[in-house]
Amino acid sequence: MKYHKAIRDICKQGDRLRQERFAEAVLCNRGRDFWKEVKRMRGKYSNLPTVVDNCTGDAEIAQCFADKCRELYSSVPYDQNEIAFIKHQLNDKIAQKCDVNDMVVNTSEVYNAIHGLNIGKSDGSVGLMSDHFVNAGSDLSVHLSELLTGLLVHGCIPEDLAISTVIPFPKSRNGRMSDSDNYRGICLSSIVCKILDLVILNRYIDRLSTSQSQFGFKSGCSTNMCTMLVKETISYYTNNSSSVFC
């Protein structure tokens, strides 16, 4: 974990240094260094595939991925009556244990949640970026606290905030870019909903518990730990196979 944290810190520091060099080139009017930094910040340009699973054109390719996502996310059967029962149970528990104070979101909670966002993240549909919220004035936290409080009190959410955008992302740059199986879906959610998620997590983190078998989406853990555990287990039984079978 310390190793991967150090790598992330170095990457963040590298971005900051590149931005400083870029700003210095602009201020000093060094044309050659300016375009050199622009090229570095853009990185290597990679062309998007024009054919995916024999589909051509933006509309056909988008429909191809839409069909795959629809099949994937509807592949697990469920009982509507069971879902309705779970929803009824949740509503009863909320009505019994939650009071008015739980529905009030104060300005400081929103401020801390905003500054807990990762920079450079898009919502995918409206065109907002997390940078818009991080770099906004303090008044935004006041208005958002009133909005989130209203959503919790009335128990509803606007359709615009409930929309998520699923985009295909290559699993391997060395794989076939024209094969849809080489892509995984990434969901871009509303920035406002992300702020609400962070408010809830920060407020109730001491009451939330997870399984010891969970590695991802968990503070202090990483999926790299899970991978290491699998490799160590395989290595143990591989290297000690002779003694195991004796």
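Is Val 110 buried or exposed?

1. The opening question concerns a residue in a model that is predicted. Val 110, whose place is in helix α6, counts as buried, because its relative accessibility is 0% and the cut-off for a buried residue is under 20%. Once residues up to four places away in sequence are set aside, Val 110 touches Val 105, Ser 141, Leu 144, Ser 145, Leu 148, Ile 195 and Val 199. For one of these partners, Leu 144, the separation from Val 110 is 34 residues in sequence, while the C-alpha atoms of the two lie 7.1 Å apart in space.

2. On the overall make-up, the protein has twelve helices and four strands, and of its 246 residues 16% are buried. Among contacts with a separation of 6 or more, 52% are between residues 24 or more positions apart. The protein exposes about 19300 Å², and carbon and sulfur atoms supply 56% of that area.

3. Helix α6 also takes part in a salt bridge, through Glu 109. The side chain of Glu 109 meets that of Arg 203, with an N to O distance of 2.8 Å, and the pair links distant parts of the chain, as Arg 203 belongs to helix α10 and Glu 109 to helix α6, 94 residues apart. The two partners fall in separate accessibility classes: Glu 109 is buried, with a relative accessible area of 17%, whereas Arg 203 counts as partly exposed at 22% relative accessibility. A reader comparing these two values should keep in mind that the boundary for buried is 20%.

4. The structure holds three salt bridges, and the remaining ones both involve helix α3. Side chains of opposite charge can pair when their charged atoms come close. In one case the side chains of Arg 70 and Asp 67 meet at 3.1 Å, N to O; these residues are three apart in helix α3 (residues 57–73), so they are separated by about one helical turn. Arg 70 counts as exposed, at 51% relative accessibility, and Asp 67 as partly exposed, at 37%.

5. The other salt bridge of helix α3 reaches out of the helix. Lys 68 pairs with Asp 181, and their closest N and O atoms are 3.2 Å apart. Because Lys 68 lies in helix α3 and Asp 181 in the loop between β3 (165–170) and β4, this pair ties together parts that are 113 residues apart in sequence. Lys 68 itself counts as partly exposed, with a relative accessibility of 32%.

6. How much space lies in the largest pocket? The computed value is about 1800 Å³, and the lining of this pocket consists of 38 residues, of which Asn 118, Leu 198, Gly 216, Phe 217 and Lys 218 lie nearest its centre. Four elements, α1 (2–28), β4 (183–188), α10 (191–204) and α11 (223–239), each supply at least two residues of the lining. Sorted by class, the lining has 13 nonpolar, 17 polar and eight charged residues. Helix α10 thus appears both here, as a contributor to the lining, and in point 3, as the helix that holds Arg 203.

7. Between β4 and α10, two of the elements that contribute to the pocket lining, runs a loop in which Ser 190 lies. Ser 190 is buried, its relative accessible area being 8%. Leaving aside neighbours within four places in sequence, the contacts of Ser 190 are with Asp 123, Leu 161 and Ile 163.

8. The backbone of the loop between β1 (51–52) and β2 (55–56) deserves a look. Most residues other than glycine have a negative phi. Asp 53, which lies in this loop, has a positive phi near 55° although the residue is not a glycine, and Asn 54, placed in the loop between β1 and β2 as well, has a positive phi of about 65°. As for accessibility, Asp 53 is partly exposed, with a relative accessible area of 32%, while Asn 54 counts as exposed, at 76% relative accessibility.

Note on methods. Residues numbered from 1 in each chain as written. Predicted model: local features only at pLDDT ≥ 70, side-chain atom pairs only at ≥ 80, totals over all residues. Heavy atoms only, no water. 1 Å grid on protein atoms, 1.4 Å probe; cavity = no way out; pocket = protein on both sides within 12 Å on 5 of 7 lines; lining within 4 Å. Points joined across faces, edges and corners; volume = space filled by probe spheres on them. Nonpolar A, V, L, I, M, F, W, Y, C, P; charged D, E, K, R; others polar. Buried < 20%, exposed > 50% of the residue type's maximum accessible area, 1.4 Å probe, protein only. Contact = heavy atoms within 4.5 Å. Salt bridge = Lys/Arg side-chain N within 4 Å of Asp/Glu carboxyl O. Areas by Shrake-Rupley, 256 points an atom, 1.4 Å probe, with all protein chains shown as cover.
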